Amino acid sequence: MRFKALVTILLMSLSLAAPAWADTREVTLDVMGMVCPACPPNVKYALESVDGVTHAEMNPRERQAIVRFDPARTNVEALLQATDDAGYPSTLKH
Ligand SMILES: [Cu+2]
């Protein structure tokens, strides 16, 4: 019974990993203007509004945004532009 549950979990995690087959790129942006709790949702919204962005995760503590996107549909320049347009200039973390 326990083993069966383990197999089920393994199969589930495999199916969750499936979208990784699609071409995906992940970058971290430094968003220095993200200084109060109201900021991260604005930056997240701006990034996720970019066509081709699949996920944007904010790390307010580090003032960073981790962005996952389809490089066939958008690029880093568009991400930087989007946060800039929202009032939060950002740079690509190297
Ligand atoms: Cu703020």
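A donor here is an N, O or S atom within 2.8 Å of the metal, and water is not among the atoms, so a site may look incomplete. Keep that in mind, and remember that what you have open is a predicted model.

**Stop 1: the copper ion.** Select the copper ion and show the side chains around it. Its protein donors are the SG atoms of Cys 36 and Cys 39, lying 2.0 to 2.1 Å from the ion. Now turn on a surface and look at the two cysteines in turn. Cys 36 counts as partly exposed because its relative accessibility is 36%, while Cys 39 is buried, with a relative accessible area of 6%. Tempted to look for a disulfide? With a cut-off of 2.5 Å between cysteine sulfur atoms, the count comes to 0.

**Stop 2: the sheet.** Switch to cartoon view and pick out the strands. You'll find an open sheet of 4 strands in the order S2-S3-S1-S4, paired antiparallel. Which strands stand at the edges? Select 53-59 for S2 and 91-92 for S4: each has a single partner strand, so one side of each is left without a neighbour in the sheet. Next, zoom in where S4 meets S1, residues 25-30; the two run antiparallel and are joined by 2 bridges. Click on Asp 30 and you can trace its bridge partner in S4, Thr 91.

**Stop 3: the helices on the sheet.** Stay with the sheet and add helix H3, residues 76-85. This helix packs on the sheet and touches S1, S2, S3 and S4, with its direction at about 35° to that of S1. Then colour residues 39-48, which form helix H2. Helix H2 lies across S1, S2 and S3 (64-69), and runs at about 165° to S2.

**Stop 4: Thr 83.** Go back to helix H3 and select Thr 83, which is found there. Is this residue buried or exposed? Thr 83 counts as buried, at 0% relative accessibility. Follow its side chain and you'll see it reach the backbone oxygen of Leu 80 at 3.2 Å. To see what else surrounds Thr 83, leave aside its neighbours within four places in sequence and show its contacts: Leu 29, Val 43, Leu 47, Tyr 88, Pro 89 and Ser 90.

Definitions and conventions. Residues are numbered from 1 along each chain as its sequence is written. This is a predicted model: local features need pLDDT of at least 70, side-chain atom pairs count only at pLDDT 80 or more; totals for chains, interfaces and linings use all residues. Side-chain values use heavy atoms; hydrogens and water are left out. Donors are N, O and S atoms within 2.8 Å of the metal (3.2 Å for Na, K and Ca); water is not among the atoms, so sites may look incomplete. Buried means under 20% relative accessible area, exposed over 50%, partly exposed in between (1.4 Å probe, protein chains only). Two strands pair if DSSP finds at least two bridges between them. Contact means heavy atoms within 4.5 Å. Axes are lines fitted to C-alpha atoms, for helices over the stretch in contact, and angles run from 0 to 180 degrees between N-to-C directions. A polar contact is a pair of N or O atoms within 3.5 Å; within protein, one must be able to donate a hydrogen and the other to accept it, and residues adjacent in sequence count only if both atoms are side-chain atoms.
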